[in-house]
Each structure stands twice: as structure tokens, then as C-alpha cells.
Amino acid sequence: ALSGYLVQFGPSYPIFAAAGFSAASIVATAVLLPPSPAVQAEGHQWDWRAYTGPLRDRMVASRFFQFFLSQFAISTFFSGFALFAERRFTHGGLAFGTREVGYTFAYLGLVGIVFQGALGPLVKRAGESRLVQSGFGLAACSFALLVRAQGLVGVATAMTLFAVGTAVLRPNLTGLISQRTARHQQGVMLGLMQSLQSLAQIVAPMAGGALIEGRWLREWALVGGVACVVGFFAAAGRR
């Protein structure tokens, strides 16, 4: 939302604002956070077989695959939506620009905040596995709607489905993986998840950017939607 407001003064203003917030976070980290106490080793000797063992668990391997698919779909959306919207949507007779995209992302964040406030009771009622499957399904629907959306109502509907769907994926997949991982191995598992996220953030922008550059807008949405559909069926088979 702040970027959408600041861009009226010039395209560099959101960039300087981001740099200012980044600098402020460095200062706050140095000044406000206490030093971390030394952690005593628990006597575990490093053995790569002990850390790759959980990956031989088919359930854990499936959850890692689902996590990669979720991050691929999310990276596809966030890296390509601005270019997609510029070519696909108009507002006030003009193509979607930085202001409209900024406010769209602000709406995504607002919906995510509201929905995650209710995530705890939903987990108790439906369980992580069912929520993961539902999240993939909603995200797939959002990509399908983006192709046919008309006007702000259509865009808002697609964004709502995407925000709700993706809000449940990372926390619930993280919880499912940690539940099947020994305590001393959870740091390694979280590191592997971060690596998969980084890999998705490399591959998705390259593929999505190439598709949008060629004006294959439906194909761009199809790539993200297919990843979600595959994740949906993978989650359905791992309850």
C-alpha cells in the first residue's frame, strides 16, 4: 500500500522507502535484540546419514515435494503478477500500473492477516493435511480465475482465493514435517525447506518471465495452477 501511494511522486520513491526500512531493521536488530546465549551441544556427532534418513520416509519426502510446489506457485504469482496485470487488466481506461499492483498486494496481505488469525481453530477442527489440500485447491482456482477475471471485482475474488489458499500452506506443511522429524534434526529439515524455497524462487521467475514476455498469459497462469493441482493430489494421498 505504501508503494502504491509513494509511486505518485516518482518510481524511485518506493525503492528508497524499502532501503530506509531495511536500514532501520539493521539498526533495530543491533540495538534492541539481546545477544544470543551460547548453546551447548547435545552430544550428537554429525553424520550425513542421520540427517538424510528422514527424507527416506515417504511421508516426509511427499511433504517436501508439496512444499516446493507451494513455493513455486507463490513465486510464480509474485514475480509475474505485475507484468501479467499490466497486460491483462485496466482501471480507469489505463493498464494496471505500480499503484494498482501495490494496492492489490496490500489487499492480499490484509486478507492473509485476517485469515491467519482464524488458522488455529481451523487446524484443530480440520487438521493440517486437510488444510494443505484445501490451500492448494483454492490457489489453483485463483490462477484459473485470473485468466477470465473482468474488472476489480474479478481481480479481488481471485486475490481473495489466492491469499486464503497460500496462507495455510507454509505453516501447516512446516508443522507436518516437524512432527515426523526428530528434535535434533529439525534445524536441518528447516534448512532444506529454505533451500527448496530458494530453488523455487529461481525457477519460477525464469519460467514465468519468459511466458509473459511472449504474451503467453494463459500459459503463465496455467503453470502456477498446475503446480497447485499436483500439490492438491499429492496432499490428498498423504493424510
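This report walks through the cysteines, one helix contact and the aromatic rings of a predicted model.

## Cysteines

Looking for disulfides here? A search of the whole structure turns up zero. Take Cys-141: this residue is in no disulfide, and the nearest cysteine sulfur, that of Cys-228, sits 9.4 Å away. Since a disulfide needs two cysteine sulfur atoms within 2.5 Å, that spacing doesn't qualify.

The surroundings of the two residues are worth a look as well. Cys-141 is partly exposed, at a relative accessible area of 40%. Cys-228, on the other hand, is buried, with a relative accessible area of 1%.

## Where α6 meets α7

Helix α6 covers residues 119-126 and helix α7 covers residues 128-148. They pack at an angle of about 110 degrees, and their axes are 7 Å apart. So α6 ends up roughly perpendicular to α7.

On the α6 side, the contact is made by Leu-119, Leu-122, Val-123 and Ala-126. Glu-128, Arg-130 and Leu-131 are the α7 contribution. Sorted by character, the contact residues come out as five nonpolar, two charged and no polar.

## Aromatic rings

The count of aromatic pairs comes to 16. One of them joins Tyr-5 and Phe-9, with 5.6 Å centre to centre and 80 degrees between the planes. That pair is edge-to-face, because planes over 60 degrees apart count that way. Both rings belong to partly exposed residues: Tyr-5 has a relative accessible area of 43%, and Phe-9 comes in at 47%.

There's also an aromatic cluster to find in the structure. Its members are Phe-77, Phe-78, Phe-81, Phe-84, Phe-89, Phe-96, Phe-105, Phe-143, Phe-162 and Trp-220.

Technical notes:
Residues numbered from 1 in each chain as written. Predicted model: local features only at pLDDT ≥ 70, side-chain atom pairs only at ≥ 80, totals over all residues. Heavy atoms only, no water. Buried < 20%, exposed > 50% of the residue type's maximum accessible area, 1.4 Å probe, protein only. Axes fitted to C-alpha atoms, helices over the stretch in contact; angles between N-to-C directions. Helix = DSSP H or I, 4+ residues; strand = E, 2+ residues; numbered from the N terminus. Parallel < 35°, antiparallel > 145°, perpendicular 65-115°, else oblique. Contact = heavy atoms within 4.5 Å. Nonpolar A, V, L, I, M, F, W, Y, C, P; charged D, E, K, R; others polar. Phe/Tyr/Trp six-rings, centres within 6.5 Å; stacked < 30°, edge-to-face > 60°.
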